[in-house]
Amino acid sequence: MSQITVAYWSGTGNTEIMARAIGKGVEAAGGEARVVSMEDMGPEELKKCDAFALGCPAMGAEELEDTIVEPFASEVERFAAGKRIALFGSYDWGDGEWMRIWTDRMKEAGASIVGEEGLICNNEPDETAKAACEELGKKLVSA
């Protein structure tokens, strides 16, 4: 059974909802999901994982949260080569630039982005967004 870690940071709870839906998809595909806040783990825990998911909402001028997620993501970039990574997060403004930048960073570090791009949703995930998250979780197991 594949264990997939879904690591996230959530300011309002929206990205956490997405993380839990991704975990549900992982389990629906026969994997074992570990859904955990980045505040409760270190990036080094992902080094031995072949596939995992990272989530962060858009912050500031469409950027990653800077005290927890940015350092976490920077460390992951050091060992991202050859990993299958799903990226996700919610936003309230803008057009998803933070996710495109994050996706490009991970690709440049050698990661394979599951779904080819990060998954975003506006504010609280509705049923359509939750279904997309579940599908992303399934792809993490089967990719």
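**Charged pairs and one aromatic pair**

User: Hi! Is Glu 77 buried or partly exposed?

Analyst: Glu 77 is partly exposed, with a relative accessible area of 23%. Keep in mind that this is a predicted model.

User: Which residues are in a network with Glu 77?

Analyst: Glu 70, Glu 77 and Arg 105 are joined into one network by salt bridges that share partners.

User: How far apart, N to O, are Arg 105 and Glu 77 in their salt bridge?

Analyst: Their side chains meet at 2.5 Å, N to O. This pair links distant parts of the chain, 28 residues apart: Arg 105 sits in helix 3 (residues 97-108) and Glu 77 in helix 2 (residues 69-77).

User: And Arg 105, buried or exposed?

Analyst: Arg 105 counts as buried, because its relative accessibility is 18% and the cut-off for buried is under 20%.

User: How many salt bridges are there?

Analyst: The count comes to 9. Among them is Arg 20 with Glu 16, at 3.1 Å, N to O. Those two are 4 residues apart in helix 1 (residues 14-28), so about one helical turn separates them. Both count as partly exposed, Arg 20 at 46% relative accessibility and Glu 16 at 28%.

User: Which residue does Asp 95 meet in a salt bridge?

Analyst: Asp 95 meets Arg 100, at 3.0 Å, N to O. Arg 100 is partly exposed, at 44% relative accessibility.

User: New topic: how many aromatic pairs are there?

Analyst: A search of the whole structure finds 1. Tyr 91 and Trp 98 form that pair, which is tilted, with 6.0 Å centre to centre and 50° between the planes.

User: Are Tyr 91 and Trp 98 buried or exposed?

Analyst: Tyr 91 and Trp 98 are both buried.

Technical notes: Residues numbered from 1 in each chain as written. Predicted model: local features only at pLDDT ≥ 70, side-chain atom pairs only at ≥ 80, totals over all residues. Heavy atoms only, no water. Phe/Tyr/Trp six-rings, centres within 6.5 Å; stacked < 30°, edge-to-face > 60°. Buried < 20%, exposed > 50% of the residue type's maximum accessible area, 1.4 Å probe, protein only. Salt bridge = Lys/Arg side-chain N within 4 Å of Asp/Glu carboxyl O.
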